[in-house]
Amino acid sequence: MSQQHDKPALTEVEEALSPEEIEAMIREYDSESNFRKIAGPVAILVTVTSVILSLFHLYTAGFGLLNEVMHRTVHLAFVMGLVFLVFPRKRAAPTPAMWRTSIVFAAFYLFLIMDLFDQLPATMATYVFSAGMVALAALTLPINGKNTKPGQIALRDWVFAALGAGFSAYLAVFFKDIFIVNVGEPRPQEYMMGLIAIIMTLEATRRTMGATLAYIGAFCILYAMFGPYMPGILAHRGYGIDRIINHLFVGTEGIYGVAVGVVATYVFHFVLFGILAQMSGLGQLFIDLATIIAGRQSGGSAKVSVVSSGFFGMISGSPIANTVTTGAFTIPLMKRMGFSGRFAGAVEASASCGGQVTPPIMGASAFVMTEMLGVPYNEIILIAIIPAAFHYLAILLMVHLESKRLGLAGMSADKIPQMAQVMKRSWHLLVPLGVMVALLLMQYTPFLAAFWGILLTIGFSYIPLVAHKLGNRDMDLETVLTPKKLVIGFEDGAKFALAIGAACACVGFLLGITTLTGLGFKFSAAVVQLAYDLAAFVTALDFTGLLSEKSIALFFGLVFVAIACILMGAGIPTTPTYIILASIAAPALTEFGVPLIATHFFVFYFGVLADVTPPVALAAYAAAGLSRADPMRTGTTAFRLSMGKALVPFMFIYAPSLLFVDFSPMEFVLALFSGILAILALSAAYIGFWKRDLVLAEKVLLTLAGLVLISNNWIAIAVGTLVVGGVLARASKSARSVAT
């Protein structure tokens, strides 16, 4: 792919971004970080509440969790209350699209209100409640009231915050009556609070994530209600709103299910650890180490981007925040060294998304896998090593080949820090991370590991202060987590966990409706049936007799599930995306005999890929904003750079030994060899360079051979190896002859 027509790199002065511009860019592209700017008493209230939420999680992580339901309700009461105070509506002036979406949801709420009204006893309380709910539905419309002063919050948001906190607080306060005395027999007030819970969860999701996930949640409820009218295999008996509310609100099948449980028990703690670790300087240490490792090589700035984004992604839960944080340093550097803005942005976006699949934290999804699969955490992160290595190998190879094609050198020696100086200045930052990972590998609970990681991060941040008093002036005192900074860190930790908390509460709708209606099995049956129908058609056309119907059906099933994963993952954070896909899409692959853990990794990888897949490639668009490049072209390039992530899931479906499942040494070695060679072939084909520029026929041959190498058939691997070896050898020979 030639880049001769790309615009020349901007000057260093033109590219410089202030911290305020970086923060604004994160808010623009990352809905999870779009915090409202507030001041005065409201800001104090938000800060105090956020700090209390963080301290609650820190205390319970170290000294014992509450019972399952109580812990989740307390967590969600704080989260839902804060969401409407911290997150503003997307725009001050409502757009036509916002009006359309709001009217759809308001109509949906009115439908639920009327349906529940028919189920409740005809008392004054029922009439008052229904009238209040109609008013609440009206408040969800984007009608602008009187302008509020800076730092103030509109009255409707106070109402939403009170109701959002109230429905969970209700369960916590009346826990004994609901879950012990009247278990299985909800009272009218439980149904009323359940309806409030559904409405406020959808509104919180719209506020933090946009409409996509909220639409999915609403569709699930309608699907449960209108089951008898669904076509074909999707039909079911149907359920009334009272049964749906009871299933979603009272118990751990819906809103307070595994999704919120994982956030309240695991994710929150690692978000808080990541915030404090970055404040203590760990992010800069990662960039320094990446520069030392990769900076001297050809195209060193781009390789620094890949390595640093991988390091940073291990502790960051957001590909977009990762892209902007590290990209603010690496993208201008790549452009100054000669990469186009499009390629520089694509490299950063693709590498940043790789952090979500990189052990030990994997954007917190590793803990969700542990919960859903019942597989120990230390096994999950060991399983993830080979797939993550393949992803970064693909990006590094393409960066290397592009660097060679453009004739780019490495970074100058004066731009590369010295290892001794870096470690002398920042060695203490690695201790908390090392202890935390060690505790995880020793199979201590993740929240206990995070507890010690957080405490050690705070404690070791004071090492520079001690060093200065002992005469060592090399350490940076700005990274000391003083009480004031701790308050900021605890507040930010809570704020960055709000959006994922609201999203996972909405995911609870899907999980609850899936268990109520068998939606996952119905989706699986539909995918399997369609795959086998297409397989029968293909095998009927196969005159060689080499293709089996089962293998072709598996291939089509993988493609269908991959497409569904990318579509459903568009614009939704990694953790809720994985939970949705693992519940709906993964069961389809188990029907083909694929090991369960391989199916979960398959849907997880393709869900993450949505962040760099146009037209909703949020990480790529954020990188394009930094690189001043066309967003769509940057997204397309980032998707191609992420082809390792797209190929890897197919590799471990066909060769589960890569995940150490049904392990066979021979299969593992063969799959490892063919996987590396496939990535090499496709990288050369995409960049169009191997010692010299490749012609079209060579690109086509390398692409086809690379795809063939994904197979676990040794004959196919042998043929692919010969083709790749022949094309690359021919290119190398002709390049040498030209050079001489």
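**Note on side-chain interactions in the predicted model**

1. At 2% relative accessibility, Glu190 counts as buried. The model discussed here is a predicted one. Glu190 is paired with Arg187 in a salt bridge whose closest N and O atoms are 3.0 Å apart. The partner is placed otherwise with respect to solvent: Arg187 has a relative accessible area of 22% and is therefore partly exposed. Because the boundary for the buried class is under 20% relative accessible area, Arg187 at 22% falls outside that class.

2. The Glu190–Arg187 pair belongs to a wider set, as the structure holds ten salt bridges. Side chains of opposite charge can pair when their charged atoms come close. A further example joins Glu203 to Arg206, with 2.9 Å between the closest N and O atoms. Both residues belong to helix 9, which spans residues 188-209, and they stand three residues apart, about one turn of the helix. Glu203 and Arg206 are both buried.

3. Helix 24 supplies another salt bridge, between the side chains of Glu491 and Lys495, at 3.1 Å from N to O. The two residues are four apart in helix 24, so about one helical turn separates them. Glu491 has 12% relative accessibility and therefore counts as buried. Lys495 is likewise buried, its relative accessible area being 10%. Elsewhere, Arg36, Asp157 and Arg207 are joined into one network by salt bridges that share partners.

4. Lys495 deserves a second remark. Besides its salt bridge with Glu491, Lys495 lies over the face of Phe35, 5.6 Å from the ring centre. A comparable arrangement is found at Trp690, where Lys691 lies over the ring face at 5.9 Å from the centre.

5. Which aromatic residue pairs with Phe35? A search of the whole structure finds 33 aromatic pairs. One of them is formed by Phe35 and Phe496, an edge-to-face pair with 5.1 Å from centre to centre and 75° between the planes. This pair links distant parts of the chain: Phe35 is in the loop between helix 2 (19-29) and helix 3 (40-63), Phe496 is in helix 24 (residues 483-517), and the two positions lie 461 residues apart in sequence numbering. Phe35 is buried, with a relative accessible area of 15%, whereas Phe496 is partly exposed at 27%.

6. A second aromatic pair has another geometry. Phe663 and Phe668 form a tilted pair, with 5.5 Å between the centres and 50° between the planes. Since planes over 60 degrees apart count as edge-to-face and those under 30 as stacked, the 50° angle places this pair in the tilted class. Phe663 is partly exposed, with a relative accessible area of 43%, while Phe668 is buried at 15%. In addition, ring pairs link Tyr578, Phe601, Phe604, Tyr605 and Phe652 into a cluster.

7. On the surface, a nonpolar patch is formed by Leu45, Leu139, Leu155, Trp158 and Val159, with about 420 Å² of accessible area together. Helix 7 (residues 155-173) gives the most to this patch, with three residues. Trp158 lies in helix 7 and has 32% relative accessibility, so it counts as partly exposed. Because patches are made of residues with over 30% relative accessible area, Trp158 at 32% meets that limit.

8. Is Asp288 buried or exposed? With 10% relative accessibility, Asp288 counts as buried. Asp288 is located in helix 13, which covers residues 282-294. Leaving aside residues up to four places away in sequence, Asp288 touches Pro417, Val422 and Arg425.

9. Pro631 is placed in helix 31, which runs over residues 631-641. At 37% relative accessibility, Pro631 counts as partly exposed. When residues up to four places away in sequence are not counted, Pro631 touches Tyr621 and Ala624. Pro631 and Ala224 are 407 residues apart in sequence, and their C-alpha atoms are 39 Å apart in space.

Note on methods
Residues numbered from 1 in each chain as written. Predicted model: local features only at pLDDT ≥ 70, side-chain atom pairs only at ≥ 80, totals over all residues. Heavy atoms only, no water. Patch = residues over 30% accessible without salt bridge, like charges linked within 9 Å, V, L, I, M, F, W, Y side chains within 5 Å. Areas by Shrake-Rupley, 256 points an atom, 1.4 Å probe, with all protein chains shown as cover. Salt bridge = Lys/Arg side-chain N within 4 Å of Asp/Glu carboxyl O. Buried < 20%, exposed > 50% of the residue type's maximum accessible area, 1.4 Å probe, protein only. Contact = heavy atoms within 4.5 Å. Phe/Tyr/Trp six-rings, centres within 6.5 Å; stacked < 30°, edge-to-face > 60°. Lys NZ or Arg CZ within 6 Å of the ring centre and 35° of its normal.
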